[in-house]
Amino acid sequence: MAILVIAEHDNASLKAATLNTVSAAAKLGSEIHVLVAGANCAAAAADVAKVAGVTKVRVADAAHYDSQTAENVAALVVANASGYSHILAPSTANGKNVAPRVAALLDVAQISDVTGIESADTFVRPIYAGNAMATVKSSDAVKVMTVRTTAFEAAGQGGAAAVEAVAAGPDLGLASVKGRELTKSARPELGAAKIIVSGGRGLGNSENYHKLLEPLADALGAALGASRAAVDAGYVPNDYQVGQTGKIVAPQLYIAVGISGAIQHLAGMKDSKVIVAINKDPEAPIFQVADYGLVGDLFEVVPELVKAVG
Amino acid sequence: MSQYTAPIRDMQFVMRELAGLDEVAKLPGCEEVSADLVDAILDEANKFASGVLAPLNRTGDQEGAKWDGGNVRTAPGWKEAYKQFAEAGWTALACEPEFGGQGLPKLVATAVMEMWKAANMAFSLCPMLTNGAIEAVTLRGTDEQKAAYLPKMVSGEWTGTMNLTEPQAGSDLAAVRTRAEPQGDGTYKIFGQKIFITYGEHDMTDNIVHLVLARLPDAPEGVKGISLFVVPKFLLNADGTPGARNDVQCVSIEHKLGIHASPTCVLAFGDHGGAIGTLVGEENRGLEYMFIMMNEARFAVGMEGVALSERAYQHALAYAKDRVQGTEMGVRGGPKVSIIHHPDVRRMLMSMKSQTEAMRALAYVVAAANDAAHRDPDAAVRAENQAFVDLMIPVVKGWSTENSIDIASTGVQVHGGMGFIEETGAAQHLRDSRITTIYEGTTAIQANDLIGRKTAREGGVTIKALIAEMRGVVAQLGEHGGEEAFVAIRRSLESGIAALEAAVEYVLATYGKDVKAASVGSVPFLKLLGIVAGGWLMARAALVSSMRVAEGSTDEFYKTKIVTARFYADHILPQAQALSYSVVNGAAGALALDEAQF
Amino acid sequence: MKILVPVKRVVDYNVKVRVKADGTGVDIANVKMSMNPFDEIAVEEAVRLREAGIATEVVAVSCGVAACQETIRAAMAIGADRGILVESDVELQPLAVAKLLKALCDKEQPTVVICGKQAIDDDSNQTGQMLAALMGWPQATFASKVQLADGVATVMREIDGGLETVEIKLPAVVTTDLRLNEPRYATLPNIMKAKKKPLETVKPADLGVDVAPRLATLKVAEPPKRSAGVRVADVAQLVDKLKNEAKVI
C-alpha cells in the first residue's frame, strides 16, 4: 500500500518540512503520494513533483483550501485515505493541527513527532520534552503520524512525479482565517529562538557587542544573549542574560562569543542542541561543553563568520 | 542558582507521621482540615514561594530597601509581590475566622511559613510581624481596636509592627523610656524613639499599625511600668479609612549584614507634638502581653533557622551535583565526576540534610502540641501540651538558628571558592542567617529561659517526662531486631539521652545554689536538648519508615529517611556527650578570671 | 454559556524524569504530580471568561486514576465550578480521552471546550483536535488570544513564523498556547472552597466508550548523549560543520 504525505506549502511554493517528511516516508519503503490542498496551488504542486522519491502528486485546488483550515483539509484527507497504509505530515503547526483530526475521523491513533522509524508499524518518538525516547507499535490499520523534521534528511530533487487533480470536498464553513502576521525581520525572543548568539566580557565593551554580534545574529536569524559578566559590565540590559540567574535556553544552536563559561552561565545553556564556542583562551571552560570550538580572536573570527553565513 | 522548591514530601511526612496531622484535624475548630486539603495548600504555597518570592530573594539582597529622608522604598518587585501575597489570602491563614482568617491550625501554618521564610526571609518578616500585631490586638485589644484594625491586618491590607527596642533598651526592656501621656479622651500622646523596627516604614500598604511599648507618667519603674499602645501611621477617619498622618516618622534605616530587603527602621514618635495612640489592655501590663506573643515570635524565628538551612542545602546540593571536579576517589584515571561523588562533600551534604530534617521534625511536633495546647477539650491535655511547648520553644528558636549559621556556612564550603563569591548566592544565606540567633532574644536569652523558668523552676518535671518518652523510642528500636542501621541509631540515642539526663541533673542541682555556674552551661544545654530531641524524632522517623517499607511501600523517601536518621545518629547525636561534659564541668574555666585578667 | 476544560494529571514540570532501568517506561512512582501546565492556562482562560460574564459555568474534567481528583480540585481552586472524574486505571491514550470527552460533551452540551495544546508527559498534542473531529466542531489550536461573541470565537493562533487570526463557529474546541495568559495563583479561600464544590465520578463503561490503547509502548530509553566536542581550525570549517554535520544553519 502507498503512503500519503500531506504537503506543507503556501500555495506559491513547497515548504522544506515536506522534504524531511518524504524522507521519513521513504523509510517505510512504499510508493509515496503527496497531497497538496490549496487554492491556486499549482506552483506548489509543481515543486512537489520534483522531489525525489515522490511518485504521485494529488492536488485539490479550491478556494476553500486557501488557508488550509484543519476542518476542510482533514475531511479531504479522510475522503482520499483509502488505499494508504500511512498518512504523514510534518510536525509543524499545520501538521499538528490537521493530523490528529484525520486520525480521529479514521478512528485510529496518531503518532506524534516521530524521530525514528523501526518498521512499518513501530516508531520512535520523544516524550517528556525529549528526556526519554519511546518506541511505540501501532495496531491500527492506518498509521497517521507527524514527523519531526530535524530527525530526517531533506529529500533531494530530481523527481518527476505525475500530478493529478483530486476532487475538492465541500467547504464545511466552520472556520475562516481572517489574517496572518508573519514576523520576518525582527529578532526572535531569547526563550523561543532556534539560534542564539551570545556575547561575554571578551567583547570588551558595549559598542563592540552591538557592532560585532548584531550582524551575526541578523545573518542567522538568531536572538541575542549575553553572559552575566557582560550584563554586569553594562554591555547590554539584564534581559539578555543567559544563565542560572538569567534565562535558561535550549536552542538548536548556541554560539558563545568571548564567553569563558562560568558555571552559572553553562547552567543556562548546556541543554542547547549544538554549542559553538569562540574564544581566544584555549583553556576556557566553555570549550568543555562546546560541540565545536574555535580558538581565535573574536574580532577577526566574527566578521568572517558573518560573511560565511550571510 | 537560587531556585527553591519546598520539600513537600518531607513536610507531609513530618506532619502526618511524626506530628499527628490526623489528631490535629480532630481538634475543635479544625474540622475542615484533611490530608487532601493540606496537600492542596502546600502545593499552592510552594507555587507562590518558588514562583513569586524566591526569585526576589537575590535582587532584594542586592538592591535592599532604600530610605529617602522619610519614606522607605522597598526593593524592586516587593510591592507587587506583597499585593499578590495578600490577595491570595496567605496573611489570613491562621487568623481567627471572626476577623476574616481561615483559622487553620498552627501545624499547617508552620509548614507554609517555612516556605515563605526559605523562599525569601527578608520578605517573610513583614507578614510575621503583622501576625504578632494581630495576635496582640486579638488577645488584649478593645472591641473598637479589633473592629478598626483586625480585618485590615488579617486581609493584609495593612501591616503591623512591634516597637520594643530603644537605644538603651535592648535585651533589657525594663529600660524603656518612651512616654505616653493620657489626653483625657481615651487617647494618648506618645513621645520617644524606637530602633530596630522591622518594616517600621515601607511603601507596600496604605497604613501601618505600630504596637508600641511606652511608660505612663505615673508608671512604676522597671518591667511593671510598661504599657502597650496601638499607634497607626495614619489616623483613622470616622469611616475607618486612613486619614491624617500621625506623628511617627522613620528617621533612618539600618545598613545590615543580611536581610537587606527588610527595612530595619528607627522610628521617632512625637517629634511634632505627639503621636496619637490608644491603650491595649490594661495599663502597665504591656510587657506581660508582649511575652504572650514572644513564644509565637520565637517559634517563627526558629522556623527561619529551619528554612534557611533547607534553602542553603538545596543550593549546595544543586551545585554538588553539577560541579565536575576531580576523579572518583580510588579510581585511577577514571572520568571526571561531579563533586557529590567525593566523600567529604557527601558528609557535608548529609550533615546539612539530616540536621535540617531533625529541626523541621522538632518544630512541627512543637507546632502540633501548640494546637493541642490551645484547642484540646481536655484541660489536662492542654496543660501537658503547653508545658512541652514552653519547654521546647527556646530550643526550636536557639538550636535551629544556631545550626542554620553552621549549615549555611557548610553550604558555602560545599561551593568552594565559588561560595565566597556573592554572585553564587550561597553567601546570602549565611549573611541572612546571622541575625536569627540575635533577634527575638539571643541564644543566651533562650538558654537562660530554658534552664531557669522551663527547667529548674518546675523541678524538671516536663523535661524528665520528655526523657521518659525518648526512652520509649529506644525500647522500640530495641524491639526492631538486629538491622545494622537501627542498632547504630539505638546505641547513639541511648547514650545521647544519658548525656542529656546528666546535664538535667546538674542544672537542677546547681541552678538554685549557683545560678552563674548553671548559666555558663545554658547554651550548651540548649544545644544538647536540641540535638537529643532531634535524634529522638529522627529515630521515630526511621521506625515509621521501616514500617512503611515492610508494608510494601516502594517510596524511596522511606529508605532515604532511614539512612539520614542513621547519619544523624552517627555524626550529630554523638556531640551530645561533649555538650553534656561542658554543661557539667564548664563553669570553673569560664568564671574564674577577673575582668582585668581578660 | 458552559465551558468544559479537560485537565490532565502529569509529572510536575520541575521533575526531571528518570527512565526505568528495564526500559519499560519512566519512573513516576512517588514522583510529584501536578496539573499539566497548558491545562492550567485553559482553566485560567475559562475562569476569566466566566468572570467577564461571557461564560456562566466552568466544568473541569479529568480522565484517569482516582488521584486525578486532586487535579480537578486544583482546577476548582483556580475557579472551575464543578468537576467530573472519568475514573480508569487503564492507560488512556489521546483517542480514548477524546472519545470520553465526546461522550461528556454530548451530555453536558458545552459551547466551548478549552484544552491544553499538549500534555507535558506524552507530548502528543492531539486530544483537542481529535475531540473537535469527533464532535464535528471547528477547532482553534495553539491559541494566544480568545474572544467569544455572537456564536463565534475569534482566536489568535501561534503558527510557524507568526500569528494567525481565525474565526470559528461555536460550539468549538480551543487549545491553549503558552502566551494565552498567565495562570493566577489560587487563593487560600478558594483552595478551601474547592473542597466543597461538586465532583462527580463516572467510569468509561458508563459512557459506553472503549478505551483500549491503540499504541503499545515497546521500550523507553534515554535520549542519545551529547557527543564529545571537537576543535575546528577556522571559520570555513566551522560553517561546514554547522551546515553539513550538525545541520543547524
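A crossing of two helices is called right-handed if the near helix is turned clockwise from the far one by less than a right angle. With that in hand, here are some close-up views of this predicted model.

**View 1. Helix 9 of chain A crosses helix 6 of chain C in the right-handed sense.** Residues 298-309 form helix 9 of chain A, and residues 235-245 form helix 6 of chain C; their axes lie 10 Å apart at an angle of about 45°. The two helices are therefore oblique to each other. Look for A:Val301, A:Glu304, A:Leu305, A:Ala308 and A:Val309 on the chain A side, which meet C:Val235, C:Ala236 and C:Val239 of helix 6 of chain C. Seven of the residues in this contact are nonpolar, one is charged and none is polar.

**View 2. Strand 16 of chain A runs parallel to strand 13 of chain C.** Three bridges link residues 292-295 of chain A with residues 230-232 of chain C. A good place to start is A:Gly293, which stands opposite C:Arg231. Stepping back to the whole contact of the two chains, chain A brings 62 residues and chain C brings 58 residues. On the chain A side, 35 of these are nonpolar, 15 polar and 12 charged.

**View 3. Helix 16 and helix 18 of chain B pack with a left-handed crossing.** Here the angle is about 155° and the axes are 9 Å apart, with helix 16 covering residues 522-550 and helix 18 residues 575-585. That angle makes the pair roughly antiparallel. Helix 16 of chain B contributes B:Pro524, B:Phe525, B:Lys527, B:Leu528, B:Ile531 and B:Val532, while helix 18 of chain B offers B:Gln575, B:Ala576, B:Leu579, B:Ser580, B:Ser582 and B:Val583. Sorted by class, the contact holds eight nonpolar, three polar and one charged residues.

**View 4. Seven strands of chain A form an open sheet with parallel pairing.** Reading across the sheet, the strand order is 5-9-4-1-2-3-10. Strand 5 (110-114) and strand 10 (162-165) sit at the edges, each pairing on one side only. From one strand to the next, the twist averages 25°.

**View 5. Strand 1 and strand 4 of chain A pair in the parallel sense, over four bridges.** Strand 1 covers residues 2-6 and strand 4 residues 84-90; A:Ile3 has A:His86 as its bridge partner in strand 4 of chain A. Helix 4 (residues 93-106) of chain A lies across strand 1, strand 4, strand 5 and strand 9, and runs at about 170° to strand 9 (143-147) of chain A.

Notes:
Residues numbered from 1 in each chain as written. Chains lettered and ligands numbered in written order. Predicted model: local features only at pLDDT ≥ 70, side-chain atom pairs only at ≥ 80, totals over all residues. Axes fitted to C-alpha atoms, helices over the stretch in contact; angles between N-to-C directions. Parallel < 35°, antiparallel > 145°, perpendicular 65-115°, else oblique. Contact = placed C-beta atoms within 7 Å. Nonpolar A, V, L, I, M, F, W, Y, C, P; charged D, E, K, R; others polar. Pairing = 2+ DSSP bridges.
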